[in-house]
Amino acid sequence: MKLAKAYGYLKKDLNEIEQTINEVVQAKHPVLRKASTQLLQAGGKRIRPVFVLLSGQMGTYDLERLKIVAVSLELIHTATLVHDDVIDDADIRRGMPTIRQTYGNRVAMYAGDYILARALEEITLLQDAKIHHLLSKTIVEVCKGEIEQIKDKFDSSQGFRNYLRRIKRKTALLIATSCKLGAIASGLPETEAHRLYLYGYNIGMSYQIIDDILDFTGSEKELGKPAGNDLLQGNLTLPVFLAMRKPALKEKVIQGLQAPSEIREKHMKEIIEDIKSTNAIDESYQISNRYLEKALQQLEGFSDSRAKQTLLQIGKYIGKRRT
């Protein structure tokens, strides 16, 4: 089963959200307009809007309110990707040239800033302090995560907790916030909104761990970027931490991270194959599954509904994802 099939009945509402996203980022300046729409036109799973809508269906479903939340969250996510590509000197995103590759770093940074500004402007259409407080708090944490990722690059001495904290801020918090803001916008009580937040948090942790696994096991065509790209960029992920329990491999990783950039790629390709030959990939899937189980447990308190069944299906799909 493809993931999109699980929430296919939301297609009409998601198309409306997609149209609004593209309308919101239109700028009068031609370069800013083209740069801001480039990444959006490359596609994407739009999983955050999906979680907003599904959480909204657990309460009083109001598409106009939920659309504002979904558009804002997807634009915030898009802005972070634009900035990430500048930081990582990335040329490819979703199989297409990045904004920085097309227009350069300066235009890319301002395009990311513009997208973020439009996201914040959009959410002001909702007069709800709880929504604004949670969203601003999430953005602060995402920014902290980006700084920590920069600080931890090529640092083989960082701990496993650094990684968990980083993926929490990088991925899990925005998915958790998508779930909770959808719940708040649809009038769910705080206890239920918090359960959906925990569902989203644990789904996000599981999802990012599997993404980090696929960075080793996927092909460039599947990933839309070179396999092993995270390690090449100096980002240590869960499979690396688990594989580094072998002293010889740990020493090899340290040497690879310290190697001059012109020969690092050759070192890293060997290390990537070494990591794949250990139990690190299987163990990473086991840890991902533990987060997934916690996510699904949060749904047990909700009465049966199509939205609940879809959230369960999404979780099970994520757990089985291998490409």
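The lining of the second largest pocket, by class, comprises six nonpolar, four polar and four charged residues. Please keep in mind throughout that this is a predicted model. The pocket in question, the second largest, encloses about 260 Å³ of space. Its lining is made up of 14 residues, and those nearest the centre of the pocket are Tyr 7, Leu 14, Asn 15, Lys 45 and Arg 46.

Which helices each supply at least two residues of that lining? They are α2, spanning 11-24, and α4. Of these, α2 gives the most to the second largest pocket, with five residues. As for α4, residues 47-56, this helix is where confidence in the protein is highest, at a mean pLDDT of 97.

I turn now to the enclosed spaces. The structure holds four cavities of 30 Å³ or more, and the largest cavity has a volume of about 70 Å³. Ten names are worth locating on the screen. The lining of the largest cavity consists of Gln 149, Tyr 163, Arg 166, Ile 167, Lys 170, Gln 208, Asp 212, Asp 230, Asn 235 and Thr 237. By class, that lining divides into two nonpolar, four polar and four charged residues.

Where does the largest share of this lining come from? It comes from α9, which contributes four residues. Both α9, at 160-185, and α10, at 190-217, supply at least two residues each to the lining of the largest cavity.

These two helices, α9 and α10, lead to the matter of packing. Two packed helices are described by the angle between their axes and the distance between the axes. Consider α9 with its partner α5, residues 63-87: they pack at an angle of about 165 degrees, and their axes lie 9 Å apart. Angles over 145 degrees count as roughly antiparallel, and α5 and α9 are therefore roughly antiparallel to each other. The crossing of α5 past α9 is right-handed.

The second pair joins α10 to α17, the helix at residues 306-320; here the packing angle is about 20 degrees, with the axes 10 Å apart. That angle makes α10 roughly parallel to α17. In this case α10 passes α17 in a left-handed crossing.

Finally, a word on confidence. The mean pLDDT of the protein is 90, and 97% of its residues reach 70 or more. Which helix has the lowest confidence? That is α11, residues 220-223, with a mean of 59. Where pLDDT is low, the predicted coordinates should not be read in detail.

Note on methods
Residues numbered from 1 in each chain as written. Predicted model: local features only at pLDDT ≥ 70, side-chain atom pairs only at ≥ 80, totals over all residues. Heavy atoms only, no water. 1 Å grid on protein atoms, 1.4 Å probe; cavity = no way out; pocket = protein on both sides within 12 Å on 5 of 7 lines; lining within 4 Å. Points joined across faces, edges and corners; volume = space filled by probe spheres on them. Nonpolar A, V, L, I, M, F, W, Y, C, P; charged D, E, K, R; others polar. pLDDT = per-residue confidence, 0-100. Axes fitted to C-alpha atoms, helices over the stretch in contact; angles between N-to-C directions. Parallel < 35°, antiparallel > 145°, perpendicular 65-115°, else oblique. Left-handed = near helix turned anticlockwise from the far one by under 90°.
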